[in-house]
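Here's a walk through one protein model, written to be read with the structure open beside it. Grab your viewer and follow along.

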Amino acid sequence: MADIRSVFAGIKSPNPFWLASAPPTDKAYNVERAYKAGWGGVVWKTLGEDGPPVVNVNGPRYGAIWGADRRLLGLNNIELITDRDLHLNLREIKQVKKNWPDRALVVSLMVPCEEQAWKAILPLVEETGADGVELNFGCPHGMSERGMGSAVGQVPDYVEMVVRWCKQTTRMPVITKLTPNITDIRQPARAAHRAGSDAVSLINTINSITGVNLDTFAPEPTIDGKGSHGGFCGPAVKPIALHMVSEIARDPETAGLPISGIGGITTWRDAAEFLALGAGNLQVCTAAMTYGFKVVQEMIEGLQNWMDAKGHASLDDVIGRAAPNLREWQHLNLNYVAKARIDQDMCIKCGRCHIACEDTSHQAITAMVDGKRHFEVMEEECVGCNLCVNVCPVDGCIDMVPLAAGTLDKRTGATVSADYANWTTHPNNPMAAAAK
Ligand SMILES: Cc1cc2nc3c(=O)[nH]c(=O)nc-3n(C[C@H](O)[C@H](O)[C@H](O)COP(=O)(O)O)c2cc1C
Ligand code: SF4
Ligand code: SF4
């Protein structure tokens, strides 16, 4: 059985699956039940500074988007950091860590962007025996308007400054949680790295409005007729998160910086993809909120089964394996040619591929042959864009088949070359010509 024990920024856990800082990690009751279900670690719901706790709205906190089968695809929230007393949280954290010494327990923090505020809270957390802290520079709503959360994460200089204060104050590993509400995710990651952060985690939620009620003209979720932007997460954000994780993993300036991958992880497959692009461990929120704590069991079993089937003995065999295959567009092989091919036995003759290709692509799929509905790719028109594959409702019915070197591409009339050639040397590229 594959070994999925994890050591992330020096923090050990029996598996790489941690619950992200959010309602599932809000209190001892939740966290202990999560550990029982099998979670390797948690990041406790973000704590704020000592004093009166923050106040949440008393109406709906969530907006959502769904797939056609009502499966939750994306969740938007306007919740703030913990609204429970700081010392109650700290007492619970201490007890939970004592009860579960083999599980990771990291504490998320967000206090005002002042040295004294950070230096005051760190010893309190250290005293609980927690394994580390995560600095919440990501929350894009409510707290950011008060100069915290993403208001810090969007300014690399602030990130660097606060991480430095924390590294000077605590012996605990410091994980810097980044906001995706920024143009170039590498900038805050570099800033955190410069200041000595032990790791980064990403993504926090994305600024969003999930919908507008067309009877009341109020954005969702609606509080007494009014709405506010919120933070978006869940399966819909996974592609954005994967890209941002890969950007940091590939950046020479942050080489070796551990990355905790977060964003839409719902199945073992999602988890494996984050690992392959360079994440050292994984954090999950929406999947647990949608399916309950036991969802981790499918993730653990699925990851181990896949690793066994592929001969990956430990997480190190997987982490970062896909990163070298991610290239700039200009380095993709322009001599690679693929054509769509429809499996006539699987085709249910719905015609969606034809409509998509005919109206918006390259007029390369027939609709009628000999007076009968028949959907067939005309190789001489097909540019290999694969739109038809993506709109076909029958999985596996349309394949993209690469043309072997030496065969004729009927569309261009050229023979497929075995040589690799990219845009940097293409004759149509004025820059390539200039370089000669
Ligand atoms: C209701 C809710 C509350 C959250 N609260 C926090 C928080 O207090 N601190 C934090 O760092 N992230 C918070 N998050 C963000 C999550 O930790 C996570 O980064 C985000 O949801 C993306 O992961 P997911 O797609 O698995 O949900 C919250 C998310 C949700 C849905
Ligand atoms: S791959 Fe693109 S061009 Fe070819 S048949 Fe499909 S939609 Fe048309
Ligand atoms: S979309 Fe798929 S199932 Fe429908 S006609 Fe095209 S190939 Fe057949």
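What follows starts with the ground rules, then goes from the whole chain to its barrel, its ligand surroundings and some backbone oddities.

## Ground rules

This is a predicted model, in which local features need pLDDT of at least 70 and side-chain atom pairs count only at pLDDT 80 or more, while totals for chains, interfaces and linings use all residues. Residues are numbered from 1 along each chain as its sequence is written, and chains are lettered from A and ligands numbered from 1 in the order in which they are written.

## The whole chain

The C-alpha trace spans about 75 × 60 × 50 Å along its principal axes. The chain holds 13 helices and 22 strands, taken as DSSP runs numbered from the N terminus (helices are H or I with at least four residues, strands are E with at least two).

Of the 436 residues, 43% count as buried. Buried here takes 20 or more other C-beta atoms within 10 Å of the residue's own, exposed takes 12 or fewer, and partly exposed is in between, with C-beta atoms placed from the backbone. Among contacts between residues at least 6 apart in sequence, 71% join residues at least 24 apart; a contact is two C-beta atoms, placed from the backbone, within 7 Å.

## The barrel

Eight strands close into a barrel, in the order E3-E4-E7-E8-E9-E10-E15-E16, with parallel pairing. Neighbouring strands of this sheet are turned by 25° against each other on average, direction ignored. Strands count as paired if DSSP finds at least two bridges between them. For angles, axes are lines fitted to C-alpha atoms (for helices, over the stretch in contact), and values run from 0 to 180 degrees between N-to-C directions.

Take strand E9 (residues 174-177) as a sample: Val-174 and Thr-176 point one way, Ile-175 and Lys-177 the other, and all are buried. On one side, four bridges join E9 to strand E8 (residues 132-136) in parallel, and Glu-134 stands opposite Ile-175. E9 also has three parallel bridges to strand E10 (residues 199-202), where Ala-199 is the bridge partner of Ile-175. To get from E9 to E10, the chain goes through helix H6 (residues 186-194), making a right-handed β-α-β crossover. Right-handed means that, with the strands pointing away from the viewer, the path from the first strand over the helix to the second runs clockwise.

Further round, three bridges join strand E15 (residues 259-262) to strand E16 (residues 281-284), again in parallel, with Gly-261 partnered by Leu-282 in E16. Helix H2 (residues 86-99) packs on the sheet, touching E4 and strand E7 (104-109), and its direction makes about 165° with that of E7.

## Two helices up close

Leu-88 sits in helix H2 and counts as partly exposed because it has 13 C-beta neighbours inside 10 Å. Its C-alpha atom is separated by 10.0 Å from that of Ala-28, 60 residues apart along the chain.

Helix H8 (residues 268-276) has Trp-268, Asp-270, Ala-271, Ala-272, Phe-274 and Leu-275 as its buried residues. These pack against helix H7 (238-250), E15, E16 and helix H10 (295-310). After H8 comes Gly-278, with a positive phi near 125°.

## Around the ligands

Ligand 1 has 28 residues around it, with Ala-20, Thr-46, Cys-233, Cys-285 and Thr-286 coming nearest. "Around" means a C-beta atom, placed from the backbone, within 6 Å. Strand E4 (41-47), strand E6 (72-77) and helix H9 (286-291) each supply at least two residues of this shell, which divides into 13 nonpolar, twelve polar and three charged. For the bookkeeping, Ala, Val, Leu, Ile, Met, Phe, Trp, Tyr, Cys and Pro are nonpolar, Asp, Glu, Lys and Arg are charged, and the others, Gly among them, are polar.

Ligand 3 is surrounded by 13 residues, the closest being Cys-347, Cys-350, Arg-352, Cys-353 and Cys-392. Its shell splits into ten nonpolar, one polar and two charged.

## Backbone oddities

A cis peptide bond joins Leu-202 and Ile-203, with omega about 15°; Ile-203 is in the loop between E10 and strand E11 (206-208). Another cis bond joins Glu-220 and Pro-221, at about -10°.

Arg-70, in the loop between strand E5 (62-66) and E6, has a positive phi near 70° without being glycine. Arg-70 is exposed because just 8 other C-beta atoms lie within 10 Å.
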